Amino acid sequence: TKDKPYSILGNSVIACTPHHPLTLMLILFLKQTYYQKRHHIDVFAVTGPVMYTKCLVDCNMPISIAPQELLYPAFHFVPNPDAIDYSRFPNCLMFQFGYTCSGLEGYVKRRNRCKAAHTCPFHAKKRPLDSIRRLAHISEQELCSTIPIALTYLETFAKSAPGEQCVLPLEDGVAVLVTDGDLAQYGRLRAELPGYADRLRGQSWDVLLFGLEWSTGSDEVVLFNVPPGGRPRNACVFGLAINVARARDQGLLRSALAACVTDKGLDPGPLFAAADRLSLWFAAEKLAGSIEAARIWRSMPVVHKVFSSLAQHTPPLHFDDHELHGNLAKGMVNGRLAFEMTVESNGGIQFRAWNDDNSPNCEMKTNGSKVEWMKVFYNHQVSFEAQGKEIPS
């Protein structure tokens, strides 16, 4: 990899014949060094590419190195895997995402998918949510545990014939599937969904989508019937409720749902395209501005909770002026930079704050589920420091 300060091996893909002596050498080397170094040296140096480079390249061992464009086409720090344009790498056989350094634990938890959920040893015993009412108070962990199986169950239902036993749990003939764990971050939307479902029970409807609309100029949660050709311009869908028992056209419903299941996740396009033949509703939490801005303002209480709970410190989050640059926010007091905060799509937060004399006040970095590191300063010195702490609930 030539995107490090010095060129080192990429160890994502290793191939060798059985019982190869170099593999044995690496195992024995790790056995002697791991426990002494792991708590003092970064993982990439102990068990990762630096270790492989020192043992194999620096020692002139007989190895073959595959072309970088095949197995490592771009740097592995990728906080948002959805933003990767794979067409830029036509020769690559795989793409590497740095799970730890990119903070992808939260992303995987909210977007994971098992394509064999019915037979998978881990997911076979799990079932989708049995009631839309549970969404109002469900924990993020419980919600995200249903994400990997949702699309498989939706696909199985969509391919079944009308009249067959339904594979989806039903409450009063209605099934609910959550396909994106980002729903956990939008408590107002989740709180309204049970009431919206009750409002629809007295009407003829087929599918209720729930998700997000941004750049709307308003900040509210709404329910509306989608007219033909009425797909919102800036919107994403977190899941759907299906009126299995009372759908007007079971064949059309199933064919539209089947077309929504793609390799990249749930594509609601076929449902919006069928809005002239299906009774389609959309429950949306509207954001006045961008998603990035909303994430920033919603992350400020997390920053306060981390410092107050773990360090008994109050971070300076007040400001009289601010700037937004994508996912970066800068807060100013009397023209002085008081803090800056970056919020990634995976929930990761990086925060730094300064005192009135521009000395450091505090700083931290989270990956969506854990505090990777945090520091509090007093008189230009570190007065509190922590790593690997759980984010307080």
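Here is a walk through two helix pairs, a cavity and a pocket in this predicted model.

Let's start with the helices. A pair of packed helices is described by two things, the angle between the axes and the distance between them. Take α1, which covers residues 21-37, and α3, which covers residues 49-57: they pack at about 125 degrees, and their axes are 11 Å apart. Angles from 65 to 115 degrees count as roughly perpendicular and those over 145 as roughly antiparallel, so α1 ends up oblique to α3. As for handedness, α1 and α3 cross in a right-handed way.

What holds the two faces in touch here? From α1 come Leu22, Met25, Leu26, Phe29 and Leu30, and on the α3 side you'll find Met51, Tyr52, Cys55 and Leu56. Sort the residues of this α1 and α3 contact by class and you get nine nonpolar, with no polar and no charged residues.

Now move along the chain to α7 and α9 (residues 250-260). Their axes sit 8 Å apart, and the packing angle is about 145 degrees. The crossing of α7 and α9 is left-handed. Here Leu154, Phe157 and Ala158 of α7 meet Arg254, Leu257 and Ala258 of α9. By class, that contact of α7 with α9 has five nonpolar residues, no polar ones and one charged.

Stay with α7, because that helix, residues 147-159, also turns up in the lining of the largest cavity, where α7 and β1 (174-178) each supply at least two residues. How many cavities of 30 Å³ or more are there? The count comes to one, and the largest cavity has a volume of about 30 Å³. Look for Pro128, Leu129, Thr146, Ile149, Ala150, Val176, Leu177 and Val178 around the largest cavity, since these residues line it. Strand β1 gives the largest share of that lining, with three residues. By class, the lining of the largest cavity has seven nonpolar residues, one polar and no charged.

The last stop is the largest pocket, which holds about 1,300 Å³ of space. Its lining runs to 38 residues, and those nearest the centre are Asp82, Tyr107, Arg111, Asp180 and Lys264. Helix α7 appears here too: the elements giving two or more residues to the lining of the largest pocket are α5 (105-111), α7, β4 (235-243), β6 (265-266) and α11 (291-310). Which element gives the most to the lining of the largest pocket? That's β4, with four residues. By class, the pocket lining splits into 20 nonpolar, six polar and 12 charged residues.

Terms used. Residues numbered from 1 in each chain as written. Predicted model: local features only at pLDDT ≥ 70, side-chain atom pairs only at ≥ 80, totals over all residues. Heavy atoms only, no water. Axes fitted to C-alpha atoms, helices over the stretch in contact; angles between N-to-C directions. Parallel < 35°, antiparallel > 145°, perpendicular 65-115°, else oblique. Left-handed = near helix turned anticlockwise from the far one by under 90°. Contact = heavy atoms within 4.5 Å. Nonpolar A, V, L, I, M, F, W, Y, C, P; charged D, E, K, R; others polar. 1 Å grid on protein atoms, 1.4 Å probe; cavity = no way out; pocket = protein on both sides within 12 Å on 5 of 7 lines; lining within 4 Å. Points joined across faces, edges and corners; volume = space filled by probe spheres on them.
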